[in-house]
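Please look over the sequence and the structure shown below before reading on. This briefing is about charged side chains that pair with one another, and about where those side chains sit.

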Amino acid sequence: MMKNEMSRREMLRNSSIALATGGLTGAMSLSATGKQTLHAPNQHTSPCRVSLNTSTIRGYQLPVEQQIDLCAEAGFDGIELWVSDVEAFIKQGGTAEDLRRRIREHGLVLENMISFSTWIADDPAQRTAGVKKMRQDMELTARLGGAYIAAPVQGVPAIVKQKLPEYSERYCVILEEGVQANVTPILELWGGGALHRLDDTAAIAIGAAHPNASLLLDFYHLYRGGNSFDSLRLLNGGVLPVFHINDYPASIPREALEDADRVFPGDGCCPFDKIMPILSAIGFRGAFSIELFNKAYWESMDVMTLLKRSFEKTAAILHV
């Protein structure tokens with residue numbers, strides 16, 4: 001009976017039915033102890049998945065297998081893992097296939113992998129090493145059953161407008177590497193980093209002239225980078241697989257905000273009532289993955305309290 005339920009749930013997650021009906025309920029999964037337990041019902045009806053970027057619980061320093069178990073127990077639909085955590089698991093004798101099976105048994109979607117490399121660096125040697133690392137990370141992602149990997153910009157101190165065509169060529173290189181690995185690197189905007197402007201991010205992706213080009217955006221990073229949320233109207237949301245969700249306080253000047261200042265969705269001043277209709281109108285139906293680095297949360301809550309609150313806060317925003 002459990003095997004049949006698993007097959008049904010996995011099928012729904014990978015079909016248009018999953019997009020139309022949102023969260024599924026009552027699936028069997030494995031708890032952190034390895035025993036079969038009833039997966040926490042997903043209390044939302046959004047066509048978008050509610051997922052977890054494990055940065056949100058990074059302060060607890062949990063092994064990746066426990067991150068997966070707790071994510072499922074808290075009711076999330078999907079998960080974003082960090083390559084470094086998976087590498088640590090493998091060094092200790094585990095395998096990517098072990099984690100892939102664990103993710104599948106929980107009925108989770110591996111939304112994206114978090115990786116860092118210098119694939120866009122100006123220095124040729126640094127760029128070559130970065131492309132090699134990205135290829136290795138994409139191959140690892142494929143072994144885990146994932147289809148996407150984050151591609152933040154590292155190795156350039158600032159974006160030079162005149163070099164946008166060159167950046168597009170460099171992005172195209174890893175896109176082609178991704179074709180071979182069957183994983184798509186999605187260009188990530190960082191509000192406090194070199195690539196913090198949405199217009200530059202879109203220009204690089206468009207200039208790559210590649211059918212797999214896509215963007216990884218974030219409510220906090222868009223605001224922190226001084227972008228207008230109205231600009232999202234110009235995008236095709238249907239090709240965005242995941243959108244990082246979080247909020248930011250009004251008490252801190254925009255330019256002074258740091259990653260650790262991010263708060264639960266709805267607890268800051270992000271105008272979700274304006275942005276969510278825009279994302280719906282442009283066809284976004286991927287995953288809203290909560291990404292926080294809030295040390296105050298880690299110090300004041302146990303991990304399950306933080307996870308459940310993260311899920312509930314995110315699900316509530318999907319219905320504003």
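Is Arg254 buried, partly exposed or exposed? In this predicted model, Arg254 has a relative accessibility of 25% and therefore counts as partly exposed, since the buried class ends under 20% and the exposed class begins over 50%. Its side chain meets that of Glu255 in a salt bridge, with 3.1 Å from N to O, and Glu255, at 52% relative accessibility, counts as exposed.

**The protein as a whole**

- The secondary structure of the protein comes to 12 helices and 10 strands, and of its 320 residues, 54% count as buried.
- Among the contacts in the protein with a separation of 6 or more, 76% are accounted for by residues that lie 24 or more positions apart.
- The protein exposes about 13,500 Å² of surface, and carbon and sulfur atoms supply 53% of that area.

**Salt bridges in general**

- Side chains of opposite charge can pair when their charged atoms come close.
- A search of the whole structure finds 21 salt bridges, and several of them are described in the points that follow.

**Asp85 and Arg58**

- Asp85 forms a salt bridge with Arg58, and the closest N and O atoms of the two are 3.0 Å apart.
- Because Asp85 lies in helix 4 (residues 83-91), while Arg58 lies in the loop between strand 3 (49-53) and helix 3 (64-73), the pair ties together parts that are 27 residues apart in sequence.
- Asp85 counts as buried, with a relative accessibility of 16%, whereas Arg58 is partly exposed, with a relative accessible area of 28%.

**Arg262 and Asp218**

- Arg262 forms a salt bridge with Asp218, and here the closest N and O atoms are 3.2 Å apart.
- This pair links distant parts of the chain, 44 residues apart, with Arg262 in the loop between strand 9 (242-245) and helix 10 (272-281) and Asp218 in strand 8 (residues 215-218).
- Arg262 counts as buried at 1% relative accessibility, and Asp218 is likewise buried, with a relative accessible area of 1%.

**A network of charged side chains**

- Which residues are linked with Asp122 in a network of salt bridges? They are Lys163, Glu166 and Arg170, which together with Asp122 make up the network.

Terms used. Residues numbered from 1 in each chain as written. Predicted model: local features only at pLDDT ≥ 70, side-chain atom pairs only at ≥ 80, totals over all residues. Heavy atoms only, no water. Salt bridge = Lys/Arg side-chain N within 4 Å of Asp/Glu carboxyl O. Helix = DSSP H or I, 4+ residues; strand = E, 2+ residues; numbered from the N terminus. Buried < 20%, exposed > 50% of the residue type's maximum accessible area, 1.4 Å probe, protein only. Contact = heavy atoms within 4.5 Å. Areas by Shrake-Rupley, 256 points an atom, 1.4 Å probe, with all protein chains shown as cover.
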